[in-house]
Amino acid sequence: MFYLASDFAVSYPMLILVSFLVGLGSFIDASAGGGGLITVPAYLLTGMPAHFAYGTNKVSAAFGTFLAAVKFWRSGAMNLFASFWAMLGSLTGSYILARAALLLSDMTLRTLQLVVIPFVAVVILARKNFSDEDRSGVFSGRKLGLISFVISFCIGGYDAIIGPGTGTFAIIAFALVTKFDLKTSAGNAKVLNCASGAASLVAFAMAGAVYWKLAIPTTICSLLGNQLGARLALKNGAKYIRPMLICVLSLLLIKLAYDVIGKI
């Protein structure tokens with residue numbers, strides 16, 4: 001089991017800041033993916049150990065992504081067959097890798113964030129628009145299910161041990177590999193995200209690595225952000241949020257780098 005120091009507490013100004021950043025990250029994640037680039041470092045801003053930042057982030061991410069997935073499904077922007085196999089693959093990969101993440105040291109997790117986040121940010125910001133034509137019919141049902149499972153196993157595992165960029169990688173994979181149109185790819189990605197978040201949450205919660213006093217208010221903000229982001233994605237796309245992502249990401253990367261370098 002993991003335990004916070006008895007004197008650990010989050011001040012009200014920090015609570016407001018983190019809740020805002022989680023809501024912002026959730027908004028971005030629902031519309032374009034990559035919200036974890038903001039939400040995970042936001043939890044680290046409180047000074048809590050990385051295991052608790054990961055675990056607490058899984059609470060807000062899992063519930064917020066679930067509502068976003070429902071919104072995509074109700075709008076018809078989801079392939080239920082591919083999503084089913086994506087859910088199975090993501091649940092398996094994320095639970096296995098979440099258990100592995102619990103074995104890593106706090107410094108290892110923080111350093112992984114510092115190394116991976118800039119790379120993921122470049123991939124996300126360099127992403128080009130994809131076709132809105134659904135060409136997934138070129139695959140047989142069995143092959144489509146297998147590919148969806150493999151994609152989701154790998155990305156779900158990445159989500160459990162690293163996190164940021166999961167939604168964007170999933171959208172890209174479904175669009176390029178399974179050839180779904182961009183909106184359907186985003187809908188399928190939400191199911192993957194939801195499954196990986198739930199499996200990882202179970203693993204972290206069972207290990208006691210969740211700070212529930214912070215998780216509850218940030219989850220409320222995540223629900224609001226995901227709903228607004230999903231509405232924007234279904235209506236207008238995600239091109240308007242890139243400048244906002246760049247500004248917030250730059251500030252959080254500077255703080256995260258300072259924390260890691262200061263402990264070396």
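## Helix α6 against helix α8

Helices α6 and α8 are oblique to each other, because an angle that is neither under 35 degrees, nor over 145, nor from 65 to 115 counts as oblique, and in this predicted model the two pack at an angle of about 45°, with their axes 9 Å apart. Helix α6 covers residues 141-161 and helix α8 covers residues 182-206, and α6 passes α8 in a right-handed crossing.

On the α6 side, the residues that meet α8 are Ser152, Ile155, Gly156, Asp159 and Ala160, while α8 brings Leu192, Asn193, Ser196, Gly197, Ser200 and Phe204 to the contact. Sorted by class, this contact of α6 with α8 holds six polar residues, four nonpolar ones and one charged residue.

## Helix α6 against helix α7

Helix α6 also packs with α7, here at an angle of about 165° and with the axes 10 Å apart. Since angles over 145 degrees count as roughly antiparallel, α6 is therefore roughly antiparallel to α7, and the crossing in which α6 passes α7 is right-handed.

The contact joins Ser148, Ile151, Ser152, Ile155, Tyr158 and Asp159 of α6 to Thr166, Phe169, Ala170, Ala173 and Phe174 of α7. Its residues divide into seven nonpolar, three polar and one charged. Ser152, Ile155 and Asp159 of α6 appear in the contact with α7 and also in the contact with α8.

## Helix α4 against helix α8

Helices α4 and α8 pack at an angle of about 30°, with their axes 7 Å apart. Because angles under 35 degrees count as roughly parallel, this makes α4 roughly parallel to α8, and the crossing of these two helices is right-handed.

From α4, the residues in contact are Ala82, Ser83, Met87, Ser90, Leu91, Ser94, Tyr95, Ala98, Arg99 and Ala101, and they meet Asn188, Val191, Leu192, Ala195, Ser196, Ala199, Ser200, Ala203 and Phe204 of α8. By class, the contact of α4 with α8 comprises 12 nonpolar, six polar and one charged residues. Among the α8 residues named here, Leu192, Ser196, Ser200 and Phe204 meet α4 and also take part in the contact with α6.

## The cavity

The model has one cavity of 30 Å³ or more, and the volume of this largest cavity is about 300 Å³. Its lining is made of 28 residues, of which Asp29, Gly36, Thr39, Asn57 and Ala61 are the closest to its centre.

The elements that each give two or more residues to this lining are α1 (12-32), α2 (36-44), α3 (50-74), α7 (166-176), α8 and α9 (212-235), with the largest share, seven residues, coming from α3. In terms of residue class, the lining of the largest cavity divides into 18 polar, seven nonpolar and three charged residues.

## The second largest pocket

The second largest pocket has a volume of about 160 Å³, and the residues that line this pocket are Phe66, Ala69, Val70, Trp73, Met78, Leu80, Ser83, Met87, Val191, Cys194 and Ala195. Two or more of the lining residues come from each of α3, α4 (80-101) and α8, and α3 gives the largest share, which is four residues.

By class, the lining of this pocket has 10 nonpolar residues, one polar residue and no charged residues. Several of its residues recur in the packing described above: Ser83, Met87, Val191 and Ala195 line the pocket and also belong to the contact of α4 with α8.

Conventions. Residues are numbered from 1 along each chain as its sequence is written. This is a predicted model: local features need pLDDT of at least 70, side-chain atom pairs count only at pLDDT 80 or more; totals for chains, interfaces and linings use all residues. Side-chain values use heavy atoms; hydrogens and water are left out. Axes are lines fitted to C-alpha atoms, for helices over the stretch in contact, and angles run from 0 to 180 degrees between N-to-C directions. A crossing is left-handed if the near helix is turned anticlockwise from the far one by less than a right angle, and right-handed if clockwise. Contact means heavy atoms within 4.5 Å. Ala, Val, Leu, Ile, Met, Phe, Trp, Tyr, Cys and Pro count as nonpolar, Asp, Glu, Lys and Arg as charged, and the others, Gly among them, as polar. On a 1 Å grid over the protein atoms alone, a cavity is a set of points where a 1.4 Å probe fits but cannot get out, and a pocket is an open set with protein on both sides within 12 Å along at least five of seven lines; lining residues have an atom within 4 Å of a point. Grid points are joined across faces, edges and corners, and a volume is the space filled by probe spheres set on the points.
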